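Please open the structure in your viewer and keep the sequence panel beside it, as this tour moves from one selection to the next. At each stop, select what is named and then read what is there.

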Amino acid sequence: MAGGAQPRGPAARAAGAPGLLPLLLLLLSAAAILHRGDGQNLVTEDVTVVEGDVATISCRVKNSDDSVIQLLNPNRQTIYFRDFRPLKDSRFQLVNFSNSELRVSLTNVSISDEGRYFCQLYTDPPQEIYTTITVLVPPRNLVIDIQKEIAVEGEEIELNCTAMASRPATTIRWFKGNKELTGKSEVEQWSDMYTVTSQLVLKVGREDDGVPVICLVDHPAVKDLQTQRYLEVMYPPTTIPPPTTTTTTTTTIPTTITDTTATTEPAVHGFTQLPNSAEELDYGDLSGTPVPLNASTEALPTVQLSNASLAFPPDSRAGEEGAIRSVDHAVVGGVVAVVVFAMLCLLIILGRYFARHKGTYFTHEAKGADDAADADTAIINAEGGQNNSEEKKEYFI
């Protein structure tokens, strides 16, 4: 083998591989930069929009050289070529066109519009950059289901909050009043939508009666979306003993203390005589003046109570009852007098009425009426005939 010969085969290729690796990495980086348009004249931003709103796509040129700008949809169909719209979708409208910008609006965005939109600049070489439209869908409905409408104190109840058909999946938070609680969430996906159900197990007490339990949704498409249910808790009543009040009545009885000998005297007017010895009495006299105690056999003063010294305030209730009784008697007497007077007047009127309608009648019948066969014959046979009948008179008494 000559000294200048180079090694060949797999060993030679392995020795040259480290020199090709940096070159390969450089080519891959350049391809990525060309695809994204970084360092090129094209500039755009990603768009996030709520379903049903308007999305605006902007393709801007930093250093314009009057090159042609066009916008393509995710299917690589041309939406706008300069200021001309080849695509027959009227939701795309031209907002602004110049040598440095192509701005297009898309109204009534739906989930099907989500994806990458491409901005192309016809230069040498051509430049391309893409922007991504993300469509947000707020929850269709938010519902709280409670296991029991009315719970018992100390019982555990289960609450479920469901946020249906959202994109992306929502985050559910629980609150009892102003206190945040922790629930357990489950996410269910169907098609491009997400349904989230959060479960909360809560032990209730009497202090929870009437307190709202709030289900709050955190979602980029909505703010302050929440629903709530009020807890109803049954608990036994609390028995509170009535407050005890003590009424103290103090009656002051004036006393007269006389200095007499230590003789045993009977009780006066039902009162008990005070003790006579110093051992039995170890406090001051009733008037508040302290009495010195000693071991001598001197007699202590004797308290005598008289009738004149016992003065009690009059009872006002006795006077009120007497006045009420006197008023009742006067009313009853007046009513009886009126009834008696009315009966006397009625008796007088009835007597006069019967007296005026009572009388005795005297008649003069024709003589011979007893022998006549009938009344006409008696009149004809009567003495005096017709003239006598005319003279007959009747008196009323």
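**Two disulfides and a strand**

Begin by selecting the cysteines of this predicted model: taking a disulfide to be a pair of cysteine sulfur atoms within 2.5 Å, the count comes to 2 disulfides. If the bonded cysteines are counted along the protein chain, the pattern of the disulfides is 1-2, 3-4.

**First stop: Cys59 and Cys119**

Select Cys59 and Cys119 and show their side chains, where you will find a disulfide with an S to S distance of 1.7 Å. Cys59 belongs to strand 3 (residues 55-61) and Cys119 to strand 8 (residues 115-121), so this pair ties together parts that are 60 residues apart in sequence. If you look along the S-S bond of Cys59 and Cys119, the torsion about it is about -60°, so the disulfide is left-handed. Are these two cysteines, Cys59 and Cys119, buried or exposed? Both Cys59 and Cys119 are buried.

**Second stop: strand 8 and its partners**

Keep Cys119 in view and extend the selection to the whole of strand 8, of whose 7 residues 6 are buried, so that the strand is largely enclosed by the rest of the structure. Now add strand 4 (residues 69-72), which pairs with strand 8 in the antiparallel sense over 4 bridges; here Leu71 stands opposite Cys119 of strand 8. Next add strand 9 (residues 127-136), which runs antiparallel to strand 8 and is joined to it by 7 bridges. Strand 8 and strand 9 form a hairpin, with 5 residues between them, and if you select Leu121 you can look across to Gln127 in strand 9, its bridge partner. While you have these strands on screen, it may help to recall that in a regular strand the side chains alternate between the two faces of the sheet.

**Third stop: Cys161 and Cys215**

Move on to Cys161 and Cys215, which form a disulfide with their sulfur atoms 1.8 Å apart. Cys161 sits in strand 12 (residues 156-166) and Cys215 in strand 17 (residues 212-219), and the pair links distant parts of the chain, 54 residues apart. The torsion about the S-S bond of Cys161 and Cys215 is about -80°, so this disulfide is left-handed. Cys161 is buried, and Cys215 is buried as well.

**Last stop: Cys345**

Finally, select Cys345, whose relative accessible area is 31%. Since buried means under 20% and exposed means over 50%, Cys345 counts as partly exposed.

Note on methods: Residues are numbered from 1 along each chain as its sequence is written. This is a predicted model: local features need pLDDT of at least 70, side-chain atom pairs count only at pLDDT 80 or more; totals for chains, interfaces and linings use all residues. Side-chain values use heavy atoms; hydrogens and water are left out. Helices (H or I, at least four residues) and strands (E, at least two) are DSSP runs, numbered from the N terminus. Buried means under 20% relative accessible area, exposed over 50%, partly exposed in between (1.4 Å probe, protein chains only). Two strands pair if DSSP finds at least two bridges between them.
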